[in-house]
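User: Could you take a close look at the interior of this protein and tell me which residues pack against which? Please keep it chatty, and add whatever background I need to follow along.

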Amino acid sequence: TNKGIIPEYSLPRINHEAMRNHRPTQTFDFASSAALINELSARVELWKKNLEHDLQPVILAILSDGMSMIVETISGAGRNGIAIEGLVGGQRCMLIAHQASLQIFCYAEKIKEGSQPRIIGFYPNAPEKTISEDADSE
């Protein structure tokens with residue numbers, strides 16, 4: 001037996017051959033940002049269907065310094081990158097980050113009377129046209 005750091009405890013023998021042949025029964029394909037964006041889009045859409053008719057989802061991207069960004073579009077930027085366009089403190093901005101550093105927070109807010117519900121764009125691959133380009137053409 002292998003003696004561990006604690007004298008009264010010994011480690012079990014490891015069957016290296018069994019470990020090499022082990023395949024998990026369930027895998028999640030989050031290897032690419034496109035898979036993550038598709039999953040997020042589906043979850044938000046399902047959540048939206050279950051909200052009261054006068055509520056709409058708001059998605060926040062939580063930045064590493066604790067600031068939050070209201071998400072207008074989220075798109076893939078390469079295999080593992082995410083590009084988010086939106087607002088921080090009322091200012092238009094864009095964040096590009098590795099998908100592993102992304103934290104998302106969703107909440108529901110009332111739709112203001114007389115206004116259209118918010119549309120959030122989910123683009124697994126880089127969009128051909130961005131929100132910023134739409135604003136420039138107006």
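Analyst: Running from the N terminus, the elements go β-β-α-α-β-β-β-β-β-β-α, where helices (H or I, at least four residues) and strands (E, at least two) are DSSP runs numbered from the N terminus. That gives three helices and eight strands in the protein. Bear in mind that this is a predicted model: local features need pLDDT of at least 70 and side-chain atom pairs count only at pLDDT 80 or more, while totals for chains, interfaces and linings use all residues. Residues are numbered from 1 along each chain as its sequence is written, and side-chain values use heavy atoms, with hydrogens and water left out.

On confidence, the average pLDDT (the predictor's confidence in each residue, from 0 to 100) is 79 for the protein, and 68% of the residues score at least 70. Go easy on residues 1-5, where pLDDT stays under 50 and the model has seven contacts beyond four places in sequence.

Now for the inside. Of the 138 residues, 25% are buried; that means under 20% relative accessible area, with exposed being over 50% and partly exposed in between (1.4 Å probe, protein chains only). Long-range pairs also matter here: among contacts (heavy atoms within 4.5 Å) with a separation of 6 or more, 57% join residues 24 or more positions apart.

The largest nonpolar core has 14 residues, and V71, I74, I84 and F122 have the most contacts inside it. A core here is a set of buried Ala, Val, Leu, Ile, Met, Phe, Trp, Tyr and Cys residues joined through side-chain atoms within 4.5 Å. Helix α2 and strands β3 (55-62), β4 (68-77) and β5 (81-88) each supply at least two of its residues.

Start with F122. Leaving out residues up to four places away in sequence, F122 touches I37, L40, S41, V44, I59 and I74. Follow that list to V44 and you land in helix α2, which spans residues 33-49. V44 counts as buried because its relative accessible area is 7%. Beyond four places in sequence, V44 touches P57, I59, C106 and F122. Its partner I59 sits 15 residues away in sequence, with the two C-alpha atoms 8.9 Å apart.

C106 brings up the cysteines. With a relative accessibility of 29%, C106 counts as partly exposed, and C93 gets that label too, at 25%. The structure holds zero disulfides, going by a cut-off of cysteine sulfur atoms within 2.5 Å.

Next, the strands. A61 lies in strand β3 and is buried because its relative accessible area is 0%. Setting aside neighbours within four places, A61 contacts M67, S68, M69, V71, I84, L102, Q103 and I104. Two of those, V71 and I84, are among the best-connected core residues. The C-alpha atoms of A61 and I84 are 8.2 Å apart, with their positions 23 residues apart along the chain.

A83 belongs to strand β5, and it is buried since its relative accessible area is 11%. Away from its sequence neighbours up to four places off, A83 touches T73, I74, S75, A77, L95 and I96. Core residue I74 turns up in that list, just as it did for F122. Farther along the chain, N125 is 42 residues from A83, yet their C-alpha atoms are separated by 10.0 Å.

Not every buried residue is greasy. S33, in helix α2, is buried because its relative accessibility is 1%. Its touching partners beyond four places are G76, A77, G78, R79, N80, G81, I82 and Q99. One of them, G78, offers its backbone oxygen, which the S33 side chain reaches at 3.3 Å.

For contrast, look at R92 in strand β6 (residues 91-98). R92 counts as partly exposed because its relative accessibility is 41%. Its side chain makes a polar contact with the side chain of E72 at 2.6 Å; such a contact is a pair of N or O atoms within 3.5 Å, where within protein one must be able to donate a hydrogen and the other to accept it, and residues adjacent in sequence count only if both atoms are side-chain atoms. R92 and E72 are 20 residues apart along the chain, and their C-alpha atoms are separated by 9.9 Å.
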